[in-house]
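Reader: Could you walk me through this one and justify the labels as you go? I'd like the reasoning behind each term.

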Amino acid sequence: MEIGAKLKEARMTKGLTQESVAEEIKVSRQTISNWENEKSYPDIVSVIKLSDLYNISLDQLLKGDEKMIEHLEESTNTIISNRKLIFAIAANIFLIILFILFNGFIIKNNYLIMLSSMLGVISTSILFYQIIKKI
Amino acid sequence: MIVFAVILVFILLMGAFTLMYQVFKLVTMDAESRGLKHPKFWGVFSMGGNNGVGGLLLYLIGRKKYVSNMSDANKEIFNSRKRRAGISLCFFVFGAIGLFAIMIFGNI
């Protein structure tokens, strides 16, 4: 069974309304409805609160729903999935610092100006491409 | 030299406009697959922002709670659009670097 159906069933068993659950875990009633209809997925903190409220284990709530696991992995393992993006951001920051530190030296030589602008355009574009890849 | 500059401006603008279009289409498809209301609005929103990517970043942060239910056929189109966005970006880079070169070494 998917997590939305499990949440709805658990709430019904407890005899709670969407409003009371929403009030209890401090989200809107629409959010509860979206979770139950699987229009969106709860984050890990909300899942823990819901498992406490409904007296069902996290095991029962999460197991067997691949999409939910995928969602949790995507939202929690940010370091691994964003490695290239982080590298691109770091490279851009490094280049900006470099340009600021050596601007007096760079400005005296046309080739250095050209090299700096090339590096600037390329590194910004790589960063933008990494952001596009995240869509 | 002026002819080269005009060609490079054309390449740069072509790259920029096709890139914007691809970003718009990508975000619209993504928003549709996540069941967000007004996907075209999100497409337009993502093209804006005061530094070029502000809107896109806000969209990427905001969409986190919504899971994508994109079909395999749409995923293929989606990935091909990402590749096209990469090609557009290459045109943009080529145009921009060429214009820098003309401005620095040319007589414009």
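Author: What follows is a run of questions and answers about a predicted model.

Reader: Let's start with chain B. What is the secondary structure of chain B?

Author: Chain B has 4 helices and 0 strands. Going along the sequence, the pattern reads α-α-α-α. Of its 108 residues, 43% are buried.

Reader: How do contacts in chain B split by distance in sequence? What share joins residues at least 24 apart?

Author: Taking contacts between residues at least 6 apart in sequence, 69% join residues at least 24 apart in chain B. As for the surface, chain B exposes about 6400 Å², and carbon and sulfur atoms supply 70% of that.

Reader: Now the charges. How many salt bridges are there over all chains?

Author: The structure holds 3.

Reader: What makes A:R11 and A:E36 a salt bridge?

Author: Their closest N and O atoms are 2.6 Å apart, and the cut-off is within 4 Å, so the pair qualifies. This salt bridge links distant parts of the chain: A:R11 sits in helix α1 (residues 3-14) of chain A and A:E36 in helix α3 (residues 29-36) of chain A, 25 residues apart.

Reader: Why is A:R11 called buried?

Author: Buried means under 20% relative accessible area. A:R11 has 7% relative accessibility, so A:R11 is buried. A:E36 has a relative accessible area of 7%, so A:E36 is buried too.

Reader: Over to chain B. How do you know that B:D30 forms a salt bridge with B:R34?

Author: Same kind of check: the closest N and O atoms of B:D30 and B:R34 are 2.9 Å apart, and the limit is 4 Å, so that pair counts. Both B:D30 and B:R34 are buried.

Reader: And what makes B:R63 and B:D30 a salt bridge?

Author: For B:R63 and B:D30, the closest N and O atoms are 3.1 Å apart; that is within 4 Å, so the label holds. B:R63 lies in the loop between α3 (54-62) and α4 (72-105) of chain B, while B:D30 lies in helix α1 (residues 2-33) of chain B, so the pair ties together parts that are 33 residues apart in sequence.

Reader: Why do B:R63 and B:D30 count as buried?

Author: The bar is under 20%. B:R63 comes in at 10% relative accessibility, so B:R63 is buried. B:D30 comes in at 2%, so B:D30 is buried as well. Salt bridges that share partners join B:D30, B:R34 and B:R63 into one network.

Reader: Rings next. How many aromatic pairs are there over all chains?

Author: The count comes to 5.

Reader: Why is the pair B:F41 and B:W42 called edge-to-face?

Author: Ring centres have to lie within 6.5 Å to pair, and planes over 60 degrees apart count as edge-to-face. The centres of B:F41 and B:W42 are 5.1 Å apart and their planes are at 65°, so the pair is edge-to-face.

Reader: What about B:W42 and B:F45: what makes that pair edge-to-face?

Author: The centres of B:W42 and B:F45 are 5.4 Å apart and the planes are at 85°, so that pair is edge-to-face. Both residues lie in helix α2 (residues 39-47) of chain B, 3 residues apart, about one turn of the helix. B:F41, B:W42, B:F45 and B:Y59 form one aromatic cluster.

Reader: Why is B:F41 called partly exposed?

Author: Partly exposed sits between the 20% and 50% marks. B:F41 is at 46% relative accessibility, so B:F41 is partly exposed. B:W42, with 25%, is partly exposed, and so is B:F45, with 29%.

Reader: How do you know that the buried residues of α3(B) line one face of the helix?

Author: In α3(B), the buried residues are B:G55, B:L56, B:Y59 and B:L60. Seen down the helix axis, the buried residues of α3(B) fall within an arc of 135°, so they line one face. The face turned away from that buried side carries the exposed residues B:L58 and B:I61.

Reader: What do the buried residues of α3(B) pack against?

Author: They pack against α10 (110-133) of chain A, together with α1 and α2 of chain B.

Reader: Last one, back in chain A. Why is A:F94 called exposed?

Author: Exposed means over 50%. A:F94 has a relative accessible area of 51%, so A:F94 is exposed. A:F94 lies in helix α8 of chain A and belongs to a nonpolar surface patch with A:I89, A:I93, A:I97, A:L98, A:L101, A:F102 and A:F105, about 800 Å² of accessible area together. Helix α8 (residues 83-101) gives the largest share of that patch, 6 residues.

Key: Residues numbered from 1 in each chain as written. Chains lettered and ligands numbered in written order. Predicted model: local features only at pLDDT ≥ 70, side-chain atom pairs only at ≥ 80, totals over all residues. Heavy atoms only, no water. Patch = residues over 30% accessible without salt bridge, like charges linked within 9 Å, V, L, I, M, F, W, Y side chains within 5 Å. Areas by Shrake-Rupley, 256 points an atom, 1.4 Å probe, with all protein chains shown as cover. Salt bridge = Lys/Arg side-chain N within 4 Å of Asp/Glu carboxyl O. Helix = DSSP H or I, 4+ residues; strand = E, 2+ residues; numbered from the N terminus. Buried < 20%, exposed > 50% of the residue type's maximum accessible area, 1.4 Å probe, protein only. Phe/Tyr/Trp six-rings, centres within 6.5 Å; stacked < 30°, edge-to-face > 60°. Contact = heavy atoms within 4.5 Å. Arc of directions from axis to C-beta.
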